[in-house]
Amino acid sequence: MPALACFVDAAAAVLPPPSGYALAGDSTLPPPLTFTTTTTTDGVDDSDSGSNWSPSLSSKLFKIDGWGFPYFGVNNAGDIAVRPHGSATMSHQEIDLLKVVKKASDPKCCGGLGLQLPLVVRFPDVLKNRLESIQGAFDGAIQSQGYESHYQGVYPVKCNQDRFVVEDIVEFGSGFRFGLEAGSKPELLLAMSCLCKGNREAFLICNGFKDSEYISLALVARKLALNSVIVLEQEEELDMVVEISNKLCIRPVIGVRAKLRTKHSGHFGSTSGDKGKFGLTTIQILRVVKKLEQLDMLDCLQLLHFHIGSQIPTTELLADGVGEAAQIYCELLRLGAQMRVLDIGGGLGIDYDGSKSSDSDISVAYGLEEYAAAVVHAVKYVCDRRNVKHPVICSESGRAIVSHHSVLIFEAIGASSNKAPSLSSIGLQYLGEGLSEEALADYQNISAATLRGEHEACLLYTDQFKKRCVEQFKQGTLGIEQLAAVDGLCDLITETIGAKDLVKKYHMNLSVFTSIPDFWSIDQLFPIVPIHRLDEKPTVRGILSDLTCDSDGKIDKFIGGESSLPLHELEGHSGGYYLGMFLGGAYEEALGGLHNLFGGPSVVRVLQSDGPHGFAVTRAVSGPSCADVLRVMQHEPQLMFETLKHRALEFCEQHDDDSVVNAAGLANSLARSFDNMPYLVSSSTCCLNALTNNDGFYYCSGDDFSAADSASVVTSVAGEDEHWNYCCA
């Protein structure tokens, strides 16, 4: 064994032999033995040396060419490159993600925007490309197969209700009549407002449970020349639609959601099948048709909707569901309904791990073109056999539209590891004090196993030795110095044999519960990658631990079935260490909570530009302040501040001659704390001339901060409602 023998040999010099025990008639160990091991001390494969490392090897290691294509890659500088126009992006149009982060987070006095991390970076160009790609895939399938109608999609706003995301989708999709889907009253209100600036033919699909107010809003939308369709999720909703439409004298357009027999067996398939949460059975659909016929309103029934679940894994399952729905569509036409639209719902999946697998909830075995071709073929096949006019095909592919366009950036603020201490720091002089006869015997067994090169026996005796010493400590017969020496020696032995877990814990300035809630709640995996230093070989493996006081606040599962992530050492590197979570543009922001009162991230909107930097920040918004998150929980920050300011004045009057000045200083510091984000502030991002308090947090004057004077900032937000009085610089 390498250093292992000298560890136990050094310890033997201070350990007296137990009575009745001896090793080959001698209490001392022979000189250290030597041996070699293939286990690396960092836990990372050593097949490629650091000197031969390249960005392309990092791309392969992190599977970027799989999940990231065609929007993300690694440039020659070792930074993540964003390709805003997908495969059509030219080399000079690529955006260096690290430069965007630096522009956003660098202090104002250094030319940045002074935003605090974590940070969401939105790329509207990617969003536009996703819309155009989905539309293009259906247009191509329709043309190649001779389909005699068109595709007209909608975006379900539940995936990301951000104002600018929804407005961008309406603007980018106006040319091909792209619409919106709502599932609640506030979503319906925002959809109505946004579609006032959209294409008049765009659908406004009204899904979800409904009351009279919801239905009234949907009917008023038609009065406002919006193409709203009320989709019946429950049979009882029909009576409300009929009653309210008669009162308002507005002829409704009605759809029905069918419960298909086709079932998606994955995690996201619980909404499918005849026991799904939403939709009508065939019996209920027939009752709806009969009632509409009796009311002379059967012409109002124009749309059939279904949804067999998100992340449909294969086109075979997709075609099966679409084919079943197409049969129902044809039957409704036969019964006299004026059907014209088949809404296939969501389900267009995202390949989160780049594996193109059909056996995973985080991957799919098809691309956009294959998906569209399968849908068009399934509908055309059924309709042609039934001699039915081809319907307009509508889809609600929210995840596929918005997932790629936003990246969550967060910073590692430190790292800890299980690496054993050095032999010189163990404190071997304490080992001979207070050990029981049994513990000394365990040590002698460790020594013997070491000499024989028996790794498993050595680990067994080491574990037993440590347990005996812990019991002695609990009983008060062993001091903390002795226990620390035992811990150090046992860690050294375990590490040298190669049995020690060397995975580091990287502490991230992030809340998993706020920014990546799906990982915590449903084990959803997202690609997580360092956004720079990818021209260097990652030399350690790590898990990610967040700021919250919760054991679940960590990321210890990664794509590819990995339980740790290849990372770079923090020591010896100037500047921050930034990681990005990709493909998280859907759901994460809407689902995030306020655990430990950590609010949402800062946000920047970035467009590709032909200027010297290659991008323009068109909008920058700081994340919620401490005061903001306190208000959400019904606290009143202004009253809290006044209470603390009063206490500060009382304290200074009692203990300081210069009470007014010191009280004002304390109050000013308290005010900054209310105005700042809840996340930690890295001193490396601060100006040298900034003021510091005793805790090492840095501030610059509110007068020094504005988000609008950078040459690469197109739109100022300083005049809007965001609170920018203080910024971390």
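**Exercise 1.** In this predicted model, work out which residues point each way from S8, and whether they are buried or exposed.

*Solution.* Start with one face: Asn227, Val229 and Val231 point one way from S8. Next, turn to the other: Ser228, Ile230 and Leu232 point the other way. Now check the burial, where the cut-off is under 20% relative accessible area. Residues on both sides pass, and six of the six residues in S8 are buried.

**Exercise 2.** Find the strands that pair with S8, and trace how the chain gets from strand to strand.

*Solution.* Take strand S7 (residues 203-206) to begin with: S7 and S8 are parallel and share four bridges. Within this pair, Leu204 sits opposite Ser228. The chain leaves S7, passes through helix H8 (residues 212-223) and enters S8, a right-handed β-α-β crossover. Then look at strand S9 (residues 254-257), which runs parallel to S8 (residues 227-232) and is joined to it by three bridges. Here Leu232 faces Val256 of S9. Helix H9 (residues 237-248) completes a right-handed β-α-β unit with S8 and S9.

**Exercise 3.** Place S8 in its sheet and name the edge strands.

*Solution.* Write out the order: S5-S6-S7-S8-S9-S10-S11-S12, an open sheet of eight strands with parallel pairing. The edges are S5 (154-156) and S12 (392-394), each pairing on one side only. On average, neighbouring strands in this sheet are turned by 25° against each other, direction ignored.

**Exercise 4.** Explain why S1 and S3 each have one side without a neighbour in the sheet.

*Solution.* Begin with the order S1-S2-S3, an open, antiparallel sheet of three strands. S1 (72-74) and S3 (95-96) stand at the edges with a single partner strand each, so one side of each lacks a neighbour in the sheet. To see one pairing up close, follow the three bridges between S1 and S2 (residues 80-82); Phe72 has Val82 in S2 as its bridge partner.

Methods:
Residues are numbered from 1 along each chain as its sequence is written. This is a predicted model: local features need pLDDT of at least 70, side-chain atom pairs count only at pLDDT 80 or more; totals for chains, interfaces and linings use all residues. Side-chain values use heavy atoms; hydrogens and water are left out. Two strands pair if DSSP finds at least two bridges between them. Helices (H or I, at least four residues) and strands (E, at least two) are DSSP runs, numbered from the N terminus. Axes are lines fitted to C-alpha atoms, for helices over the stretch in contact, and angles run from 0 to 180 degrees between N-to-C directions. Buried means under 20% relative accessible area, exposed over 50%, partly exposed in between (1.4 Å probe, protein chains only). A crossover is right-handed if, with the strands pointing away from the viewer, the path from the first strand over the helix to the second runs clockwise.
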